[in-house]
Amino acid sequence: MLTATDTPVPDRPLAPPPAPRGPAGRTRRRPDRTHPMWFMAPAFAILLVFFFLPTAFNFVYAFTDWSGFKSAIRPVGFDNFADLASSGTLFSALRITVVYAVLVAVFQNLFGLGLALLLERDTWVNRTLRVFFLIPVLMSALAVGYIFQALLKPEGSLDQLLSQIFRQHIDYAWLGDTRWTIVVVALVHAWKWMGLSMLIYLAGLKTIPEEIMEASRIDGASRWHAFRRLRFPLLAPAITFNVATALLGSMNGFDIVQATTGGGPARTTEILNIFIYRTFGQGLFAQATTMSLVLFLLVSLMAFPVIRILRKREEIL
Amino acid sequence: MTPHSPARRHASSMTGSVARGTSFPTRLQPFAATALALVTIGIPLWLVVATAGKSRGEALIPDLTPPTHWHLLENLGEVWSEGEVPAAFFGSLLVVVPAVIGVLIFGSMASWILARRATRLNAVLYALAISGIILPPAVVTVVLLLRQLGLAGSAVGMIGVYMGIYMSTVIFFVTGFVRTIPTSLEEAAQIDGAGPVRVFFHVVLPLLRPVLATATILVCLYVWNDVFYAFFVVGGRLDTLPLNLFRVAGAGLYLNNWHLIFAYVILMSLPLVVVFAVAQRKIISGITSGAVK
């Protein structure tokens with residue numbers, strides 16, 4: 001599955017040379033001597049115990065009645081899924097998670113690319129401002145959540161600012177709207193990470209050879225034209241990276257949503273990890289595990305096609 | 001104002017023979033960009049500092065007005081002593097430092113082999129190893145597993161979980177980087193009779209410095225600020241800074257005590273900001289050069 005998307009391109013063509021291709025007469029060193037496989041043992045042992053084993057457990061304990069209220073754990077088949085599906089929680093949490101992830105991916109990339117283009121030239125103002133935009137990336141997501149909870153309160157700082165600008169009283173509860181709050185929280189998430197996207201896009205812009213830009217300038221191409229035709233296509237790897245990380249990061253999100261809304265109002269921002277956190281706290285371990293498995297399946301189902309599509313685009317362009 | 005001169009100098013050096021002068025957007029850009037930064041980043045940060053400097057009564061409804069009297073140091077002091085910051089700070093260090101060092105060394109060791117021995121088996125192993133970048137960790141069952149291993153709620157368990165989660169990221173970045181460095185240096189050391197351990201630690205690892213810098217930043221960022229996994233693994237047993245913030249801000253203790261919450265936010269963010277300020281140029285070039293490769 002994953003092999004198809006990521007490894008083979010640089011991997012296969014290189015296949016023969018692991019043994020040093022020493023000049024003719026030299027005895028060929030065996031790779032076991034120079035690059036022993038046991039070097040991989042610690043990393044894979046850690047991965048096995050702390051990553052793959054718990055994941056495998058997910059597929060077991062999602063089908064049990066494991067809970068904090070009794071010590072025995074019995075298999076119950078698909079009961080957990082049926083319960084979650086019949087109460088509507090399963091699908092609403094899924095829908096909210098996907099909507100949130102897509103919104104974050106869109107906002108974060110728009111902001112990141114915009115900032116990268118704005119701050120592209122290497123002036124000292126731009127260098128300083130880049131550092132400024134990286135501050136949110138360094139801050140804890142939880143702290144960012146609390147900051148925006150304070151900013152977005154009804155009659156809070158944002159409402160006060162808007163009231164002054166528009167000369168009328170505004171007391172909109174940015175975090176209390178069952179329809180639009182998820183968009184607001186996604187914007188906060190994008191705000192926190194846009195600096196990182198900006199850096200990646202800046203790096204992508206740097207890979208574009210100056211001669212190409214110069215040639216297009218001499219040919220009289222407008223800025224917009226040069227961007228559309230030359231730079232945007234060449235940014236494809238950066239876009240792949242940014243879209244994929246934004247999608248995955250937000251599907252795995254927790255802190256920002258928890259600190260701004262805690263899943264509310266009326267559970268309209270309750271993404272899967274919030275649900276897992278809540279039910280785990282209530283001692284409903286099997287339900288939490290079931291949702292954890294759902295998240296795992298959702299991410300696998302969504303991530304692989306997304307990455308494949310983006311890679312395809314890279315190749316075509 | 002000052003922004004003009006470097007902008008013009010730069011523009012002329014960049015365009016070289018094509019004399020373009022400073023167009024209107026070029027001259028406007030520093031001001032527009034600065035204004036944007038002040039509004040989007042400056043306002044939220046000002047809210048933190050201003051509120052953290054206020055008295056309890058003033059901070060009840062946090063707004064952007066400056067405090068009438070600055071109480072910043074008192075508030076920081078109050079959080080420090082009553083919010084159990086030293087213990088949480090120590091807890092954070094106890095978990096973050098070994099996890100980051102471990103994941104970097106073990107990850108680099110595996111990456112070196114994965115990059116240099118391009119067998120079919122290694123292609124599969126590499127795919128498995130980096131799958132963790134995409135797949136979400138199983139937070140609930142990891143608790144059960146740690147309990148069975150006798151590591152529940154312990155720093156060792158937490159370190160293991162973090163290493164398991166971020167091993168994939170490290171292997172992804174480092175393997176890609178190793179592929180770009182020529183084998184000649186390694187070969188020279190091998191010809192001189194150095195074994196793999198010597199070759200790795202004396203030749204390969206130093207060459208990896210740029211990519212390891214990137215990986216360190218990324219992993220530190222995630223681990224230092226993590227509250228979700230910490231809540232499941234060590235919640236209630238071991239305090240880390242974010243976990244502590246989460247607990248006190250969530251519980252009644254800090255309810256409506258925005259001045260203390262934001263004082264805590266400042267204390268918690270300070271170490272990373274200081275590290276970043278010191279190594280800022282290296283970090284930025286590290287992240288940018290690492291990601292596009």
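Reader: Which residues of α15(A) are buried?
Author: They are A:L272, A:N273, A:I274, A:F275, A:I276, A:Y277, A:T279 and A:F280. Keep in mind that this is a predicted model.

Reader: How many residues of that helix is that, and where does α15 of chain A run?
Author: Helix α15 of chain A covers residues 272-281, and 8 of its 10 residues are buried. The helix is therefore largely enclosed by the rest of the structure.

Reader: What cut-off makes a residue buried?
Author: A residue is buried if 20 or more other C-beta atoms lie within 10 Å of its own.

Reader: What comes just after α15(A)?
Author: A:G283 does, with a positive phi of about 85 degrees.

Reader: Switching to chain B. How many helices and strands?
Author: Chain B has 14 helices and 0 strands.

Reader: And how much of chain B is buried?
Author: 47% of its 293 residues count as buried.

Reader: What about contacts far apart in sequence?
Author: Take the contacts in chain B between residues at least 6 apart in sequence. Of these, 73% join residues at least 24 apart.

Reader: Where does UniProt place the "transmembrane region" feature in chain B?
Author: The unreviewed entry gives residues 30-49, 87-112, 124-146, 152-178, 199-224 and 261-279.

Reader: Take residues 30-49 of chain B. How far apart are the end C-alpha atoms?
Author: They lie 25 Å apart, and the span is 100% helix.

Reader: And residues 152-178 of chain B?
Author: There the end C-alpha atoms lie 36 Å apart. That span is 89% helix and 0% strand.

Technical notes:
Residues are numbered from 1 along each chain as its sequence is written. Chains are lettered from A and ligands numbered from 1 in the order in which they are written. This is a predicted model: local features need pLDDT of at least 70, side-chain atom pairs count only at pLDDT 80 or more; totals for chains, interfaces and linings use all residues. Helices (H or I, at least four residues) and strands (E, at least two) are DSSP runs, numbered from the N terminus. A residue is buried if 20 or more other C-beta atoms lie within 10 Å of its own, exposed if 12 or fewer, and partly exposed in between; C-beta atoms are placed from the backbone. Two residues are in contact if their C-beta atoms, placed from the backbone, lie within 7 Å. UniProt positions are given in the numbering used here, feature names are shortened, and annotations may be inferred rather than shown by experiment.
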